[in-house]
Amino acid sequence: MENEVKEPAPKYNFISQEEYLLAEREATEKHEYFQGEVFAISGASLQHNIIFHNVYGDISHKLKGSNCKPFGSDLRIHIPLNSFYTYPDISMICGKPETPDESNDTVLNPSVIIEILSKSTKDYDRGTKFHLYRSIKTLKEYILIDSTSVSVEIYKRQLDDSWILTEFKQLSSQFVISTINLTIPLNALYEDVSFEK
């Protein structure tokens, strides 16, 4: 569930997108793909899984019966503009999912992406990955939830395609996923999460 990319060591060297998809559809573990390189994704911590459960439950309840649907990290996202394939922790698609082929295992049009940060993925998710995600024209919000401390970062796309960051660092705070009009208190988000001392 957690996209822990083992940078910079690729599992394979420079394969085509077609070769990647063929192998990925047969694989027992997940991999990201970027410009010919494939990177293994490792498992998630207990804290990550608790946070996922807390936030995904609220999102699923809110979106029941709506035209927006939430998905976990088993759904692959592809960004044709930069060749990136990845598995966000949570993605939300509003409207009909757009797929690049008849396999229906990859989508192109998320409206919201949420990544749950770990020590090993923080810099990657904030930097390179966010840079790649910004090429998704349908993406309205990118939300980063830290699993090692109380911290939520929300990046919102503006009309001029710039992004504005809002941060939340107190358990008494709450944030809004504007795209789906859902308010989430941080004390509920981090319920039952124990941070390492």
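1. Two strands are said to pair here if DSSP finds at least two bridges between them, and helices (H or I, at least four residues) and strands (E, at least two) are DSSP runs that are numbered from the N terminus. On that footing, strand 2 (residues 31-34) and strand 3 (residues 37-42) pair in the antiparallel sense over four bridges, with Glu 32 standing opposite Phe 39 in strand 3. The hairpin of strand 2 and strand 3 has two residues between the strands, and Gln 35 takes a positive phi near 50° in this hairpin.

2. A word on the basis of this note: the model is predicted, so that local features need pLDDT of at least 70 and side-chain atom pairs count only at pLDDT 80 or more, while totals for chains, interfaces and linings use all residues. Residues are numbered from 1 along each chain as its sequence is written, and side-chain values use heavy atoms, with hydrogens and water left out.

3. Six strands form an open sheet with mixed pairing, and their order in the sheet is 4-7-9-10-11-12. Strand 4 (68-71) and strand 12 (163-168) are the edge strands, each of them pairing on one side only, and the twist from one strand to the next averages 15° (axes are lines fitted to C-alpha atoms, for helices over the stretch in contact, and angles run from 0 to 180 degrees between N-to-C directions). At the strand 4 edge, the pairing with strand 7 (residues 90-94) is antiparallel and extends over four bridges, and Pro 70 stands opposite Met 92 in strand 7.

4. Helix 2 (residues 46-63) lies across strand 4, strand 7, strand 9 (112-117) and strand 10 (141-146), and runs at about 165° to strand 4. Within helix 2, Phe 52 and Tyr 56 are four residues apart, about one turn of the helix. Their rings form a stacked aromatic pair, at 5.1 Å centre to centre and with 15° between the planes (rings of Phe, Tyr and Trp, the last by its six-membered ring, pair if their centres lie within 6.5 Å, and planes under 30 degrees apart count as stacked, over 60 as edge-to-face and the rest as tilted). Phe 52 is buried, with a relative accessible area of 15%, whereas Tyr 56 counts as partly exposed at 22% (buried means under 20% relative accessible area, exposed over 50% and partly exposed in between, with a 1.4 Å probe and protein chains only).

5. The largest nonpolar core has 27 residues, and Ile 59, Val 152 and Ile 177 are those with the most contacts inside it (a nonpolar core is a set of buried Ala, Val, Leu, Ile, Met, Phe, Trp, Tyr and Cys residues joined through side-chain atoms within 4.5 Å). Its largest share, six residues, comes from helix 2. Leaving aside neighbours within four places in sequence, Val 152 is in contact (heavy atoms within 4.5 Å) with residues including Ile 143, Ile 145, Phe 168, Phe 175 and Leu 189. Another core, of 18 residues, lies apart from the 27-residue one, and among its members are Val 107, Phe 130, Leu 132 and Leu 139.

6. The structure holds 13 aromatic pairs, and ring pairs link Phe 34, Phe 84, Phe 130, Tyr 133, Tyr 142, Tyr 155 and Trp 163 into a cluster. Arg 134 lies over the face of Phe 130, at 4.6 Å from the ring centre, and Lys 30 lies over the face of Tyr 87, at 5.4 Å from the ring centre (a charge sits over a ring if NZ of Lys or CZ of Arg is within 6 Å of the ring centre and within 35 degrees of the ring normal).

7. Two loop residues also deserve a look for their backbone angles. Ser 83, in the loop between strand 5 (76-79) and strand 6 (84-86), has a positive phi of about 70° although it is not a glycine, and Ser 83 is buried, with a relative accessible area of 10%. Asp 161, in the loop between strand 11 and strand 12, has a positive phi near 75° and is likewise a residue other than glycine, but Asp 161 is partly exposed, at 41% relative accessible area.

8. Lys 119 lies in the loop between strand 9 and helix 3 (122-126) and counts as exposed at 64% relative accessibility. The C-alpha atoms of Lys 119 and Ser 147 are separated by 8.3 Å, although these residues are 28 residues apart along the chain. Apart from neighbours within four places in sequence, Lys 119 is in contact with Thr 148 and Glu 196.
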